[in-house]
Amino acid sequence: MSATVTAVSSNGEYSFTKPNRDSITLLAGLGVEGDIHAGVTVKHRSRIAQDPTQPNLRQVHLIHEELFAEVADAGFEVAPGALGENITTRGIDLLGLPVGTLLHIGEAAVVEVTGLRNPCIQIDAFQDGLLKQVVGRDEAGRIVHKAGIMSVVREGGVVRPGDPVEVRLPAEPHRPLERV
C-alpha cells in the first residue's frame with residue numbers, strides 16, 4: 001500500500017480540534033499557513049510558559065488514520081482533525097520513523113520529522129478515557145505514545161487529501177522518536 005494523505009486540517013484559533021480543509025499550505029520554516037501553531041518559535045501554550053524563545057519543533061502535526069480504527073475497537077469515535085492534527089495519513093508507520101526522516105507530500109511540500117506528539121489531558125476532555133488509548137505500554141513496560149508525530153516544514157507547498165507521501169530516511173544510525 002502506498003502512503004497517502006487522507007485529510008488536512010488547520011485552525012487559526014486555539015482549539016483542541018481542527019476543522020478539515022480542502023487544502024492547506026505549508027510554509028518553509030513556519031508551518032501551516034493561518035494555523036495557530038505556525039511560527040519559528042514555540043506556539044503551544046505549555047511550551048511558551050516554559051520558554052517562549054525555544055524553536056518550534058511542532059510546526060506540523062501528523063497522525064496515522066489507522067489509529068482511529070484502533071481506538072474505535074475500544075469504543076471511541078475519532079475523525080480526522082479531532083485530535084488537533086494538520087495532516088492525516090494512511091499506509092505509513094509514522095511512529096516507527098526515525099528523527100530526521102523527510103516526508104515529501106504532494107507536488108512540493110517536504111516536512112522533517114522531529115519527534116512524537118506528547119499527548120495531554122485535553123484528550124480526556126475531548127473523550128473521557130481516550131488518553132489511555134493513545135498512551136500505553138509495550139510488552140516490556142515502556143511507554144508508547146500513539147498520538148502522532150511532529151515535524152517542521154523544510155519546503156513549502158500545498159497539501160490536499162489524496163496526495164502521495166514519500167518517505168526518505170536519514171543516514172544511519174537512526175535515532176528513534178522521542179517526545180517533543
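The exercises below deal with a predicted model.

**Exercise 1.** Find where N86 lies and decide whether N86 is buried or exposed.

Solution. Start with the chain: N86 sits in the loop between α2 (66-72) and β6 (87-90). Next take the relative accessible area, which is 2% for N86. Buried means under 20%, so N86 is buried. Then look at its side chain, which makes a polar contact of 3.5 Å with the side chain of D35. Finally, list residues more than four places away in sequence that N86 touches; among them are A7, K18, V32 and H61.

**Exercise 2.** State which strand holds S151 and which residues are in contact with S151.

Solution. S151 belongs to strand β11 (residues 149-155). Its relative accessibility is 0%, so S151 counts as buried. Beyond its neighbours within four places in sequence, S151 has contacts including L57, V60, E112 and T114.

**Exercise 3.** Determine which parts of the chain the salt bridge between E65 and R90 ties together.

Solution. The closest approach given for this salt bridge is 2.9 Å, N to O. E65 is in the loop between β5 (60-64) and α2, while R90 is in strand β6, so the pair ties together parts 25 residues apart in sequence. E65, at 22% relative accessibility, is partly exposed, and R90, at 35%, is also partly exposed.

**Exercise 4.** Locate the partners of the salt bridge between E112 and R154.

Solution. The closest N and O atoms of E112 and R154 are 2.6 Å apart. E112 is in strand β8 (residues 109-116) and R154 in strand β11, 42 residues apart. R154 has 45% relative accessibility and counts as partly exposed.

How values were computed. Residues numbered from 1 in each chain as written. Predicted model: local features only at pLDDT ≥ 70, side-chain atom pairs only at ≥ 80, totals over all residues. Heavy atoms only, no water. Helix = DSSP H or I, 4+ residues; strand = E, 2+ residues; numbered from the N terminus. Buried < 20%, exposed > 50% of the residue type's maximum accessible area, 1.4 Å probe, protein only. Polar contact = N/O pair within 3.5 Å; in protein donor to acceptor, adjacent residues only side chain to side chain. Contact = heavy atoms within 4.5 Å. Salt bridge = Lys/Arg side-chain N within 4 Å of Asp/Glu carboxyl O.
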